[in-house]
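Could you walk me through this model in the viewer, one selection at a time? I would like to know what to pick next and what is there.

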Amino acid sequence: MRTRLKAYLLGFVAVAVLVPTAALAQEADNEEEVVVTAPLEGSRIESLQGAEVLRRDDIIAQLNGGLGDTLDATPGIATTFFGAGASRPIIRGLGEDRVRVLQNGIGTIDASTASPDHAVTSDGLDAERIEILRGSAALAYGGNAIGGVVNVLDQSIPTRAVDGLEFDGLLAGSSVDDGAHGAGRLRFGAGDFAFNLSASGSNTDPYDTPVGVAANQYTETRAYGIGGASVGSW
């Protein structure tokens, strides 16, 4: 009798332990997973660490001048805006070198970190997605990135195989400065090899303000890229 009673009690305890575990596992499976790139092989950034990803549709909807202006509509991000074409992201009140701007995981070569009136070389016009990291997630990119990291991914060096021929294009205009913006990307593959050809450009005139036209605020940018890679299961 005692043996049977002990068996019942053990069974009840086992069920009581397993039920909450199963519920927690089910809730974890329903959470949306956010996967971003990192310079450390095998590292993984979780959404709880402050990672946010803007897909191509989000970028097109927010596209506005430079990189800082485009991200200005994202919660928690502001822009320096030192005139047309010169806008760098500000995260949690920190800017310049405290916010690292990367292109495909590599630091951009420009003077915007030392002088905010310079443009960021990566404007996001032809970006496939933009990753924004805050808090401890940014430590994987260096100790000075205490404000955060903005990583612009444009597939200029392909990271996945291409089946046949693919083309993406974008044309946009802005009325306040009579601006014209465009970007195109051609991708094709041959076996394990993938190739990418891209071009983008933007022209704007001095923009209008309530008190007149802001002089000397025109912009003209051109960017061209070619890249190739051998893409395998690794």
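**A short tour, from surface to interior**

Start by selecting Phe188: with a relative accessible area of 30%, this residue is partly exposed. Keep in mind as you look that the model is predicted.

Next, show the strand around that residue. Phe188 belongs to strand β9, residues 179-190. Now add Leu165, Phe193, Phe195, Leu197 and Ile226 to the selection: together with Phe188 they make a nonpolar surface patch of about 600 Å². Strand β10 (residues 193-204) gives the largest share of this patch, three residues.

Widen the view to the sheet. Four strands form an open sheet in the order β8-β9-β10-β13, paired antiparallel. At its edges stand β8 (165-174) and β13 (219-230); each has a single partner strand, so one side of each lacks a neighbour in the sheet. On average, neighbouring strands here are turned by 5° against each other, direction ignored.

Zoom in on the middle pairing: β9 and β10 are joined in the antiparallel sense over 11 bridges. To find your place there, pick Ala183, which stands opposite Ser200 in β10.

Now move to strand β7, residues 148-153. Is this strand enclosed or open? Six of its six residues are buried, so β7 is largely enclosed by the rest of the structure. Colour Gly148, Val150 and Val152 on one side, then Val149, Asn151 and Leu153 on the other, and you will see that both faces are covered.

Finally, add the partners of β7. Strand β4 (residues 99-103) runs parallel to β7, joined by five bridges, while β6 (residues 129-133) pairs with β7 in the antiparallel sense, also over five bridges. End on Val152: Gln103 stands opposite this residue, and so does Ile130.

Methods:
Residues numbered from 1 in each chain as written. Predicted model: local features only at pLDDT ≥ 70, side-chain atom pairs only at ≥ 80, totals over all residues. Heavy atoms only, no water. Patch = residues over 30% accessible without salt bridge, like charges linked within 9 Å, V, L, I, M, F, W, Y side chains within 5 Å. Areas by Shrake-Rupley, 256 points an atom, 1.4 Å probe, with all protein chains shown as cover. Salt bridge = Lys/Arg side-chain N within 4 Å of Asp/Glu carboxyl O. Helix = DSSP H or I, 4+ residues; strand = E, 2+ residues; numbered from the N terminus. Buried < 20%, exposed > 50% of the residue type's maximum accessible area, 1.4 Å probe, protein only. Pairing = 2+ DSSP bridges. Axes fitted to C-alpha atoms, helices over the stretch in contact; angles between N-to-C directions.
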